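Here is a short briefing to read alongside the model. Please keep the sequence and the 3D view open as you go through it.

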Amino acid sequence: MPNRLSLRSRCLLFLALLTLPARLFATHQRAAEITFRHIGALTYEITLISYTYTLSPVNASRDYLQINWGDGTSDLIPRVQSLFLPDTIRYNKYIGQHTFAGPSTFVISCEDPNRNFGIMNIPNSVNIPMFIYSELTISPYMQPDNSPILLVPPVDNACVGQPFYHNPGAYDPDGDSLSYKLVTCLGFHGMPIPGYTLPPPDNSCHINPLTGDFSWISPEQQGEYNIAILIEEWRDGIRIGSVERDMQIHVVACNDHPPVIDSIADTCVEAGHTMRFPVTAHDPDTLNIVTLTALGGPFILSLSPAYMTPDTAQGQGHVSSIFHWPTICRHVRKKPYQVYFKAQDDGSPVRLVDIKSMNILVIGPRPMNLGTAPAGNDINLTWDTYSCTNAKGFYVYRKSDSTGYIPGYCQTGVPAYLGYSRIMVINDITATSYLDDNNGAGLNRGIKYCYLVTAFFQDGAEGYASNEACAELKKDIPVITNVSINTTDLNQGSIYLAWSKPTQMDTIQAPGPYKYLIYRSRSDNPQQYVIIDSLFNLNDTLKTDTLLNTVGYSFRYRIDLYNLTPGKTFFMGSSQPASSMYLRLSPSDKKMRMYWSNDVPWNNNTFAIYRSDAFSGSYDSVGFSVKPFYIDRLLINGTAYYYKIKSRGAYSSGGFIVPIINLSQKTGGVPVDNDPPCPQKLSDSVICKDFTNYLRWSNPGDTCGKDIAKYYIYFSPSSGIQPALIDSILNPYDTFYIHKQANSVVGCYSVIAIDSAGNRSDFSNTLCVDYTACPLYTLPNFFTPNGDGYNDLFVPITNSSVDHVDMKIFNRWGRIVYKTSDPEINWDGNDINTKSACADGTYLFICDVYEITLSGIQQRTIQGSITLLR
């Protein structure tokens, strides 16, 4: 564990530091960063990497650095490694461990004096400390976090007039997503350094927020420059941590051009396969020797890491190497691995570089040899034992009819555009089968069911989809094809019912003859079936059902099949139920909304909407929909309109009538203006000195009624009180309101809009203004009551949202010379007791301020001194 300093030791150290010359801390810190890794339970290990100026006398004594853990404690952690690098740079590595008390977010930081002398974009850098930090979140609701590891050093060189590129080479061992942004370098107590700017010229420095590629196009002046990169960790869309890198770039004059790495595209690889591709670079200065290296997560894996051949490639003017990665199942993860290729020349005085980053996604293998077999009303799926035992389980997808889908090179899972639905999650990677019984309801005849299976992993990664496998149930029972309204009537309604006869019966087990029993239920009690007919001819597949109330109800049908062989009568099965379409209308302003039921075992692809101006008149098509919903627009309010729906569909299996066409009942409605305006979007601005709120609002959408006639404004003095109507505006184009109070801006506002038919919108957003919207009540520290008309009264500097005060002013002997409850105070410098002028000098005051807030009146005490000068 790190050494801890006693209080006495800390004091002695502080006093000793005070005696050192100011320049002793000069020319010290160049660059630094803090990373962390989880050890176990609540214990974490941090690694602090710093790069310092070799010749600094402080370097010799920097065997320990103080780390603040973000929980109110700190430690001195030891330097465990030190390397002397070219260009007067020293590499320092410090390591320490800490056990936190419990879950929270901790800012682990280090402030070390001082930065090196002469940093061009940090004024007075020699006297500015370097402050670095990382954020660690410990939560019982997520797996322990390990910070990204930064593989590329934070010190680099650049040439005047040449583009500069850098990438921190961040690798997250947990597979969390990373984002990057440039931030201000930090100094004393973690505050932004006054006067800090990004390196010039303006707008020349940029960082790719997704890849971390930093570019500076191009340095103009020699010198040393510092930038700070914040690398943030994201898990399931939630920010969980960060690492701040403070790095230094040394710019010199040189007559050289950087090498160029040829373009490398992002790619994917199936786990178990070897990824192999060439990497090449060339140098415009053809005599330069170019060195090509690679970094990134795949190279530091403990099992089957990536490698380059040759490992460090060199060539004059041109260089190439081969990337190899023999991937294994353990490499599968949801996020891609980032790889960085670096080409560096041997130019002088600076060796220029080019960096290219690319992503490699390792994808779980597809489940092999998916097969299907119908079994009664179910379908059984089987596949081979999965090759990646570290996977968590399988997803099973199903749709009607095949797609011929073959996954693309980088396509994981099952794309939504295919129309597949996930029907099962199997949390057992050893499983090799699944029985699809449609959650116990059984599957439908006439449907070609197709399946895809994928494996998923612990972090949510989903592998390639299996081969597509399809199956159909045997057509050994009747299959309904039509339930169509012939007549719409309260008592004399009729429905056309048709079905397709069974064609794949086991005639040895059931030689016949056969009987159909036709059942019907009504929509008000859909499970209460009654027998309405029986038919004894297998080819008799039509029925007209009459004397129905097709105005008020839809009807549901089922057909049972029986074998009537003498001595061997038995039930053979039931068709899937099918219901008639039932159309409902919802009249609104100049339009008619339509909804209809679609409870059938076949797939309805389109719906045609028919309209007439009379119930028994001629109906014309006015539109189409692929969903059971439609809006007929541009109608005339107060006029009756009548509608019916025609569906067009099919079974995905062969052997059925195509297309399957059915009609709904006829029904009518009258458009009426019942659409309220949309809730308004309310905003405001505050004028504190006048206790005035300026309200503005706007209509945020075009899906509601627009014929606004007036607005009502509501106000509540606090957030816990029901708002009350305070005013109305009768001009629909006037969306501005001024509300002035006596002594406060505090309160909550909302607005509703009312249209010409009296329809009211919902309340707008509630906009609350608290006392903190204005400067708090503040008192001066002197006044001059000499009668010259200037500063003759002691009054507050700012006075907003104060109900009253309890102000007491004391002389130096503790006697009250003035008191008041008026927030304006208005002390003229006279003694409240004797009415005589108080002597010049200092007076003390205690003022209890009773401020108006959204939570009610709250007391705040301020105290201080007043200097009275006449």
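C774 is buried in this predicted model, with a relative accessible area of 4%. Its sulfur is bonded to that of C688, and that link is a good place to begin a tour of the cysteines. After them comes a small stop at one of the sheets.

**The link of C688 and C774**

- The two sulfur atoms of C688 and C774 are 1.9 Å apart, and the pair forms a disulfide.
- This link is left-handed, with -95° about the S-S bond.
- Both ends sit in loops: C688 between β49 (681-687) and β50 (692-698), and C774 between β55 (767-769) and β56 (782-783).
- The bond therefore ties together parts of the chain that are 86 residues apart in sequence.

**The link of C268 and C410**

- C268 and C410 are also joined by a disulfide, with an S to S distance of 1.9 Å.
- The link of C268 and C410 is right-handed, with 120° about the S-S bond.
- C268 belongs to strand β18 (residues 267-270), while C410 is in the loop between β28 (393-400) and β29 (421-426), so the pair connects parts that lie 142 residues apart in sequence.
- C268 is buried at 4% relative accessible area, whereas C410 is partly exposed at 39%.

**The link of C450 and C470**

- The sulfur atoms of C450 and C470 are 2.0 Å apart, which gives a disulfide.
- The link of C450 and C470 is right-handed, with 110° about the S-S bond.
- Here both ends lie in strands: C450 in β31 (residues 449-456) and C470 in β32 (residues 469-471), 20 residues apart.
- C450 is buried, with a relative accessible area of 0%, and its partner C470 is partly exposed, with 27%.

**The disulfide count and two cysteines without a bond**

- With a cut-off of 2.5 Å between cysteine sulfur atoms, the count comes to 6 disulfides; among them are the links of C688 and C774, of C268 and C410, and of C450 and C470.
- Why does C185 have no bond to C205? The sulfur of C205 is the closest cysteine sulfur to that of C185, but at 11 Å it is too far for a bond.
- C185 is buried, at 0% relative accessibility.
- C838 is in no disulfide either, and the nearest cysteine sulfur, in C847, is 17 Å away.
- C838 is buried too, with a relative accessible area of 7%.

**A sheet to look at next**

- Strands β33, β34 and β37 form an open sheet of 3 strands in the order β33-β34-β37, and their pairing is antiparallel.
- Which strands stand at the edges? They are β33 (479-487) and β37 (542-548); each has a single partner strand, so one side of each is left without a neighbour in the sheet.
- From one strand to the next, the twist averages 20°.
- Strands of a sheet pair through backbone hydrogen bonds, in either a parallel or an antiparallel way.
- In the antiparallel pairing of β33 with β34 (residues 493-500), there are 7 bridges.
- To find this pairing in the 3D view, you can start at V479, which stands opposite S500 in β34.

Definitions and conventions
Residues are numbered from 1 along each chain as its sequence is written. This is a predicted model: local features need pLDDT of at least 70, side-chain atom pairs count only at pLDDT 80 or more; totals for chains, interfaces and linings use all residues. Side-chain values use heavy atoms; hydrogens and water are left out. Two strands pair if DSSP finds at least two bridges between them. Helices (H or I, at least four residues) and strands (E, at least two) are DSSP runs, numbered from the N terminus. Axes are lines fitted to C-alpha atoms, for helices over the stretch in contact, and angles run from 0 to 180 degrees between N-to-C directions. Buried means under 20% relative accessible area, exposed over 50%, partly exposed in between (1.4 Å probe, protein chains only).
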